[in-house]
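Visitor: I have not seen this structure before. Could you take me through it in questions and answers?

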Amino acid sequence: MSDKLDSLIRYLDHLECRASLKELTAQLRRLEIDDRDVAEFIRFADPSYQRVLVRAKRWYHLWVLCWKNGQRSPIHDHLGSSCGVRVLRGTATVTDCVFAANGCVKAVGSRDYPAGSVLASEDDDLHQFSNLQDGGADLVTLHVYSPPLRRMGVYSLTDRERGEEAWQESRKMVTVSPENSETPLESIQGWVTPNRLFFVRNHFETPAVEPASWRLRVEGCVERPVEWTWEQLLALPHRSVFATVECAGNGRSFLQQKAAGVQWGAGAVGHAEWTGVPLSRVLEESGLSSDAVEVLFEGSDRGSETDHPEPMHFARSLPLAKALDRDTLLVTRMNGELLSASHGFPLRLFVPGWYGVASVKWLRRIEVLNRSFHGYYQSVKYTVRRSSPNGLESVVVGPMAVKSELIRPAEGAELGIGTNRLFGVAWAGEEAVDRVEVSTDGGETWNSAELLGAQSAYCWTPWEYLWEVAEPGEYTLLTRAVSEGGRVQPSRHDPLNGGYLIHHSRPIAVRVQAGITALSGRVDAETLLYDMNAYAEENLRLPLDVELEFAAGAGI
Ligand SMILES: Nc1nc2c(c(=O)[nH]1)N[C@H]1C(S)=C(S)[C@@H](COP(=O)(O)O)O[C@H]1N2
Ligand SMILES: [Mo]
């Protein structure tokens, strides 16, 4: 890192409250940083300008923004944040906007800012940033936001209704109706996956549920069937569990032998804090019969499948032992927020350590059974084959396998000679991750990655590996995780798993070239700590009637 950038970071690291615009601009002027000081963070792409995070702390974010010719930001403001910008390469055009009396947005003038200029804006200053230079030139700018800009207001010249808060990233749609969408793993900056980015797996259209008339029926092999209202459930003691959840079909598009079903990339996985009433508490109110063996969960969503034309509700059962585990929750909140419609509002089951299919959304009915359930989603779908003394048998998908994912660099990336930082996550279902190993020679030799942050049951563990590379060439990267109990991520897909449990190490090809700056620095570790601290603080603000307890070791 250059001395000038280092000096700016040292100043920013000392912030203990929101920085004033005057302070920020004075620092940005004094330091005379130019594009060579941030060379390792410069990255251009289509169709949109790129934001590369340099450093994140409680009181600021420092970003390098890279604009190809013709790229522009939306018209935006900076809700609750001071923003200082230094132009590092090229000339930036800033168009100022105001709200006209009739509520429409109008542009009131543009100015050009050549390299070396320092600009400032805050809160409701409305403007658009553009690269409108002659001759196709690039633009690079350095932005400090204090406190960090988590979202911004985005506006349109033509659409008055579009005065909305917007985020840069969104879920990646695989199918639109019903929604099946991935977490954009490449933009993951922290431990917990923000709800708006958290993958969605829907078999049918999202049901509209009215909380006032909604009821949860608990019936079957119980002494007292009970009908719960949402308010009654909210009044029960809640607890929280941090847990990673993956769809059993995640990674299906990477299979050499094509398998039917949603063609997921790597992103049908996320990590969240799940808050709810332990299922055992609600079952206790009804009193289980002595012959109970399974508990069936039914969602409000309904529809048919090509091989099941008769309409049905989404439904799954759990063995009694897992149902009664204190970490199995009837969830009302995800990352502190009430569930969104896509994630199962008003109530969903959450089964930590198990593939997502177990965690039935939009719950309407719970039935205690004295026999095993063989519904469509655990007989025709969501089963794997296993060999047994009687030949192959069908086994219902349950606990998650051990798996690691390389997040940065991406497949096909061009890296430099020197130290390149690899960053990813690893998880092991009901177990904690013990270690992650990285191979940069296609699996010949393996080295240990450094684990960052929590190593807890249910939770993914972020990791990084500093790869020293001296020779240009094509390299194949592989990663493998090992669980605390010694389960090792395999190198090949098990054909008995069919289109599910796709957790083998997937080769990622990258090219190392002279003349490219290596991706060094510990940005992810810093951001991660920031993120964990932010969530710890958020927890303190949860309503006081929420009994906050973490699963063994899973708290932060
Ligand atoms: N009612 C209902 N619950 C459901 C599903 C569904 O389609 N309907 N999909 C399941 C599957 S396969 C997964 S992977 C998870 C996904 O949860 P998410 O959409 O909140 O990420 O929900 C599960 N629960
Ligand atoms: Mo799933």
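Guide: In S33, the bridge partner of Tyr475 is Val510. Tyr475 belongs to that pairing from the side of S32, for S32 and strand S33 (residues 508-513) pair over 5 bridges in the antiparallel sense. The model is a predicted one.

Visitor: With which other strand does S32 (residues 473-483) pair, and over how many bridges?

Guide: Besides its pairing with S33, S32 pairs with a strand that covers residues 433-439. Val438 stands opposite Thr479 of S32 there. The sense is again antiparallel. The strand is S28, and the number of bridges is 6.

Visitor: Which strands are at the edges of the open sheet S25-S27-S31-S30?

Guide: The sheet has 4 strands with antiparallel pairing, in the order S25-S27-S31-S30. An edge strand here pairs on one side only. That holds for strand S25 (403-408) and strand S30 (450-451).

Visitor: How many bridges join S27 to S31?

Guide: Strand S27 spans residues 418-427 and strand S31 spans residues 461-469. They run antiparallel, and Arg421 stands opposite Leu466 in S31. The number of bridges that join them is 9.

Visitor: Why do S10 and S12 each have one side without a neighbour in their sheet?

Guide: The sheet is open and has 3 strands in the order S10-S11-S12, paired antiparallel. Strand S10 (172-175) and S12 stand at its edges, so one side of each is left without a neighbour in the sheet, as each has a single partner strand.

Visitor: What is the bridge partner of Ser181 in S12?

Guide: Strand S11 (residues 180-182) is joined to S12 by 2 bridges, and the two run antiparallel. For Ser181, the partner in S12 is Val200.

Visitor: Which strands each supply at least two residues of the shell around ligand 1?

Guide: The shell holds 19 residues, and the closest are Phe199, His203, Asp301, Arg348 and Lys361. By class, the shell divides into 9 nonpolar, 6 polar and 4 charged residues. The strands that each supply at least two of its residues are S12 (200-201) and S17 (294-305).

Visitor: Which residue has a polar side-chain atom 2.5 Å from an oxygen atom of ligand 1?

Guide: Arg201 has a backbone N or O atom 2.9 Å from an oxygen atom of the ligand. Asp301 uses a polar side-chain atom, 2.7 Å from a nitrogen atom of ligand 1. The side-chain atom at 2.5 Å from an oxygen atom belongs to Lys361.

Visitor: How much of the accessible area of ligand 1 does the protein cover?

Guide: The space that ligand 1 takes is the largest cavity. On its own, ligand 1 has 530 Å² of accessible area. The part covered by the protein is 100%.

Visitor: Which residues does the cis peptide bond with omega about 5° join?

Guide: Most peptide bonds are trans. One cis bond joins Asp46 and Pro47, with omega about 0°, and Pro47 is in the loop between helix H2 (21-31) and strand S1 (50-57). Another has its proline in the loop between strand S20 (337-338) and strand S21 (348-350). The residues joined by the bond with omega about 5° are Phe345 and Pro346.

Visitor: What value is phi of Asp123 near?

Guide: Most residues other than glycine have a negative phi. Asp123, in strand S6 (residues 118-130), has a positive value. Phi of Asp123 is near 45°.

Conventions: Residues numbered from 1 in each chain as written. Chains lettered and ligands numbered in written order. Predicted model: local features only at pLDDT ≥ 70, side-chain atom pairs only at ≥ 80, totals over all residues. Heavy atoms only, no water. Near = heavy atom within 4 Å. Polar contact = N/O pair within 3.5 Å; in protein donor to acceptor, adjacent residues only side chain to side chain. Areas by Shrake-Rupley, 256 points an atom, 1.4 Å probe, with all protein chains shown as cover. 1 Å grid on protein atoms, 1.4 Å probe; cavity = no way out; pocket = protein on both sides within 12 Å on 5 of 7 lines; lining within 4 Å. Sits in = over half its atoms within 2 Å of the grid points. Nonpolar A, V, L, I, M, F, W, Y, C, P; charged D, E, K, R; others polar. Pairing = 2+ DSSP bridges.
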